Structure formats: structure tokens, C-alpha cells
Amino acid sequence: MDSLKQGEVYGSESGGRYEVVSKLGAGGQGEVYEVSDNGARYALKWYFKRSATPRQKDIIENLIRIGAPDSTFLWPQDVIVDTDGDTFGYVMPLRPPHFRGIADLMKRRAEPTFRALCRAAFSLTRGYEKLHEAGLAYGDISFGNLFLDPDNGDVLICDNDNAASADVAPTVYGTPRFMAPEIVTGVAKPSRNTDLFSLSVLLFNMLMLHHPLEGELEKNIKCLDVPAMNRLYGTNPVFIYDPDNAANRPVAGEHDNAIVYWGVYPPRIRELFTRAFTAGLDCPAKRVTETEWKNALANLMFSIVVCDCGAELFCGDNPPTCWSCGRVLAVPVSLVSGRSRVLLQSGAVITSHHANGDYDIDTVVGTVVQNPANPALWGIRNDSRTDWTYIKPDGTQLSVPPGKSAGIAKGFQVDFGELVSKFI
Amino acid sequence: MAELKRPGGELSNRPLHFIWVVDCSGSMLGEKIGTVNHAIQNTIPEMLDAANNNPYAKLLVRTLKFSTGAKWVTDKPTDIDDFSWSDLDAEGVTDLGAALELLSGELTIPPMSDRALPPVIVLLSDGMPTDDYKSALAKLLSLPWGKKAVKIAIAIGRDADTDVLREFTCDKQLVLEAKNREMLVKMIKWASTAASVVSAPVLNAENSAPDAESVPSITPVLGLSSEGDVW
């Protein structure tokens, strides 16, 4: 039975008037409707009476006061109280239909490229980081409350009504397989640190299409019920690639994705996952931070080379071997500054992040181009609005104004203003 | 050049067996069986939707009916994608024991796989057993998969033997008493959501008490039914 009827109009606390258009779905805490305010469409989450607690309302009103951490969040923006005062709901932006659930990614019904996948992973990490910067913890990072556009890796984070600061009693403890071990065992509540664990689980799942703690120990369990999950993810978690404990290695035939993907990713990604699921299992302070993930994921995204067979490969310092056809590819020249690195191949772009170290991986400031007078020569064209300085190995400096290009040559450097990068 | 798909397959999953066990004795004739047929058929699109959003489980559904004797309506565990409801008729007595015997046969390894999510068995009955169900129930509950299965019973009307149903579910909270048609529909819908809850139980901080007016919040109820061992 739907709580709200099509065509009913509800006034909000901020004076908005929302007409119920249709029901979009239902969950454990309430139902979600599409609503219209003067033709503008929004989503309305309407709580069941048992979930419509004064505490929940306080949380929502606080979230509205704080405002969305960034544009990836479908953030509460208005509150509607039922006419009899028994329940309430909150208004948030509507999710566009081309966004797909993470279940589609896991079931291979949504197939992003590696590039789009890296961008999605980066954007999610940045989103949760902004949330944490605002003093909040998300509390339930998992498949069910995320969406991605498989074409470009845009992401959306919903169900933000559980996000709260540490002084507020949690409304949700999380989702099995994603909760930090200390929550599963009942010794901790959701916090920024437990979010970091869940984020690592989410990233591992997205990149490897597998769970980091499901190896032989999982295979040996016949009935995967609550006690079994408590053991695997709570009291006795073992990383499938723990270098010091081989008890839970992935089993061929059961955990093939873990075996296929582990070698596809470069050492830095494997190192971070190893720390997240060994030292980070029971020592929250050793968990991988958002900044570490952002650096690694940005470098991952800009390290992709495409093999002649069409496969995307991640290229580190050594010539990569194609996971699909076995061919060994040459390593292109890369532009390196501080922690960031971008491979310079035909059509590659340099973003604000590479020039300014600001984690903006979408704003293009340069493009790899061929010299029109001599197509054998390649350069990076300045697509920004400021002059760059090209520094030769002998120290000679040349100005590179917008529209002009700097030749790609090992040992040469480009001073972008914020950062100085070197061709390696 | 077209980019090649990323390697590997989908996330590995486990089978989740969901079994409707329906009392088709003569007393179910008329409105009761009509409501059951209609209500279960209506759960299928929602179960399919939930399964599509659940990467952890491969949901396999089948139906077992019992009256004078018992019979599988669906021959084999059937992917929810391919499952369609066949209307059941009502005639005969209430041979619950015969149904439990058939269940035991299917919850033995093999034919049951050795790795799965907990099976969900939903038993609907409006009367009391006419055969010797005791030994059949003891056998079912002695099987590891019988023990681990989440067993839900819906008592239809006022003549259902709730004591027997309680023996089956091993948990008072999982015997739902459908005193009228509206409650029956609601409880069938509730039971159908057990599949997604079993494979990915959500832990709410507040275990809200079952609401007598409607149906209990399913998660805490199912959480209580799990035993402490790992098998």
C-alpha cells in the first residue's frame, strides 16, 4: 500500500509545494516518490512511521544546513512533514535514468571501460572525503546506495540520510561484507575510520569484481549465513592476498575474477589493497586514506595504454604485457610531477590535477598533439589560459603561451606555475 | 578501434533456494486458495526485481503442494527469471508429513549443492496435519540444510495449528497468523522478501519491535533465527 497518492500536494518547511508524481521504490526505512514543484522534478523519501523518529528529522535538518559536500551527492534539500505530524520526508535531486546501480556493474550488465571505472572510483573517493571533511561519517558505504554512468564514470551517492557526525547515535550499522570488522564484532560504531574500510572494500569490488576477504575460507563454508559472515568479515578476516598468511587464497573455479584482475593492476594499487586488508583490518589508523586512494586512482586512470587488440592496459615503469593477447607494449614518455603521472600518447590530455596538484581530473589544460610541420614530433599543447615555461636540460627557458605546444622530450621540464613536471 | 571489454566474469554468487510449500487440502478451496494463487503470483515481479539488484545470490524458486500426499509443482529449482506461478487447486486432506519428506529429499547433498546461501522455506497452511508429520519433521531438522534453512510459516485463518507450525519454524516469531485476507496478502509479500534479506541482511541500529498491526520488520526477526555455528 503506497503511503502517498499520485496528485497529492504537500507543502514543505521552506515553503515549496510538491505534487506526488509516481512511486519510485521502497526500502527498509520508507518509500521514495518522484515529486514535482512547478515542473521541476525531485525525489522524495517518505519515512515509514517507525523510522520517522525525531532524531532522524534532526539528522536531516542538520544535513540540509550543512549542504551537499559535492555534486556527486543526492543530498537532502527540503523537509515535508505529514499533515497529521506522524511522519515526514525529505526532498533531494532526482537521479537521471542513465545512471546504473553497482549491482549492474557486478553482474556485467553495465560495462564501463577501465578509464571510466577509474574515474568513478576516484570520484566516489573524493565524494566521501568531502563528506568526512564536513565532519560527517556516511556509515553505510556499499553497493546499494551508489550509481554510475558507465559511459563516463560519473557517480551519484544517495541514501545520505544516515550520514551523521560522531556525536549522533547511528541509525544504521552498515551492510554485511562492507562493514569494518570492529562493527561486525560489535566493538565500534560507524565512523570516518569504518567508512575508510568500507571504501576499500567497495574499490576492491569495483576494480576486481570480487570481495577481498573471500578465498579458500569462504569456499570451505557450505552455508553462508549470519554466523558464517560474522566469521569471514568480522572475527577471522584474512585478505586473499595477505603476503604473510596464505590461508585464504582465491580458489580457481570459484574466485576467478580475483585471480584474473590482481595481476592486471600495477604494484601501487596492490600495495594499497594489501595494507587496507592486512594492517588496516584491525588497526583503523593504518587504513588507506582518501588522499592515498585519490593519488593512486588518478595515476591509474592516466596510465592506461590501449593495445592493438583493443585491450586497455595499465602501464607502470616497465613495458606492460597485454592481459588479452600477450603482446608486450612499449612504455610511452610520461609527464611526472610530485605524486602524479600521466602517460603521453596520441590524444592523451593533461588535466588541472597534473598542472596544479588539485585533484581536478576533468578540467583539461593540455593535449598531446603532433607537430603539423613534422608529424614525427609530438608535443603538449597549452589548452589553459596561462603561460607555461618550457625548461631545457641546460636550463634554457622558453615561454609556452596558450595555443602553443611544448615538444615532448625526455629530460625536459614544464613549469605550469603551481607545479613543475618532467618528461620521463 | 573498439575497446575490448574488461576481462573476467560477473561477481561470484551462491544459489539461494526459495521454496513455497502450500497446503492444498479441501479446506483451502475457494477464496483461500484463490488469494494464495493471486498473492504469490504478484510477488514474482518484485522478487525478480530484488534478484536483479542482488549480485550475491542466484535465486532459484520452486513450489511444493500437499493435500492427500505431496507433489513438487515445479520439477527443478527454477531461476526466478524463468519461474511462473501455476495456479493450485484444493482438494483432499493435509498430509504435511509427506511434504516434509519431499523437502528432506531435496535438502540432502546431492541434489542440494554443498555451497549455498541459507534456503528459505515458506509454509502456508490452514489446518492440522492428517498424517504423521513428527518423524518427517525430525528428519528435516536433522539435515544440515534443513536446520540452516530460514523457515517461515503462514497460518491461514483461525483453524491453523500454530503449534505444529512453530515446531516447523523453530521460532515463534516466524509463524505469521493471517487472520484475514488482507493480512494473508501482506504476509505472503513479507515472506517473499526474505530471499534478499537472507543474502544481504541489513543491520539496523534499532531493532524495532514487530508491529502487531502490520508485519514485523524482517531483518531482526531473521537475525534471531540464525544459529551460532558455522557449517
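A residue is called buried here if 20 or more other C-beta atoms lie within 10 Å of its own, exposed if 12 or fewer do, and partly exposed in between, with C-beta atoms placed from the backbone. With that in hand, here are my notes.

1. Ground rules. This is a predicted model, in which local features need pLDDT of at least 70, side-chain atom pairs count only at pLDDT 80 or more, and totals for chains, interfaces and linings use all residues. Residues are numbered from 1 along each chain as its sequence is written, while chains are lettered from A and ligands numbered from 1 in the order in which they are written.

2. Two unusual phi values in chain A. Leu209(A) is not a glycine, yet its phi is positive, about 50°. Leu209(A) sits in the loop between α5 (192-208) and α6 (216-219) of chain A; helices (H or I, at least four residues) and strands (E, at least two) are DSSP runs, numbered from the N terminus. Because it has 24 C-beta neighbours inside 10 Å, Leu209(A) counts as buried. Arg177(A), also a residue other than glycine, has a positive phi near 85°. Arg177(A) belongs to the loop between β10 (172-174) and α4 (181-184) of chain A, and counts as buried because it has 20 C-beta neighbours inside 10 Å.

3. The domains of chain A. Chain A is split into domain 1 (9-93), domain 2 (100-298) and domain 3 (304-423), with bounds that come from an automatic or database domain assignment. Between domain 1 and domain 2 of chain A, 14 residues of the former are in contact with 15 of the latter; contact means that the C-beta atoms, placed from the backbone, lie within 7 Å. Helix α1 (residues 54-66) of chain A supplies the largest share of the domain 1 side, 5 residues. That side has 10 nonpolar, 2 polar and 2 charged residues. Here Ala, Val, Leu, Ile, Met, Phe, Trp, Tyr, Cys and Pro count as nonpolar, Asp, Glu, Lys and Arg as charged, and the others, Gly among them, as polar.

4. A strand with two faces. Look at β18 (residues 388-391) of chain A: Trp388(A) and Tyr390(A) point to one face and are buried, whereas Thr389(A) and Ile391(A) point to the other and are not. β18(A) pairs antiparallel with β19 (residues 397-400) of chain A over 4 bridges, where pairing requires that DSSP finds at least two bridges between the strands. The two strands form a hairpin with 5 residues between them, and Gly395(A) in the turn has a positive phi of about 95°. Ile391(A) has Gln397(A) as its bridge partner in β19(A) and stands opposite Gln413(A) in β21(A).

5. A helix in chain B. Which residues of α5 (residues 162-169) of chain B are buried? They are Val164(B), Leu165(B), Phe168(B) and Thr169(B). Seen down the axis of α5(B), the buried residues fall within an arc of 135°, so they line one face; the arc is that of the directions from the helix axis to the C-beta atoms. They pack against β5, α3 (133-142), β6 (150-156) and β7 (175-178) of chain B. Just after the helix, Cys170(B) takes a positive phi of about 60°.

6. A cis bond to check by eye. Pro110(B) and Pro111(B) are joined by a cis peptide bond, with omega about 10°. Pro111(B) lies in the loop between α2 (96-106) and β5 (120-125) of chain B.

7. Where the chains meet. The contact takes 43 residues from chain A and 37 residues from chain B. On the chain B side these divide into 16 nonpolar, 10 polar and 11 charged.

How values were computed:
Contact = placed C-beta atoms within 7 Å.
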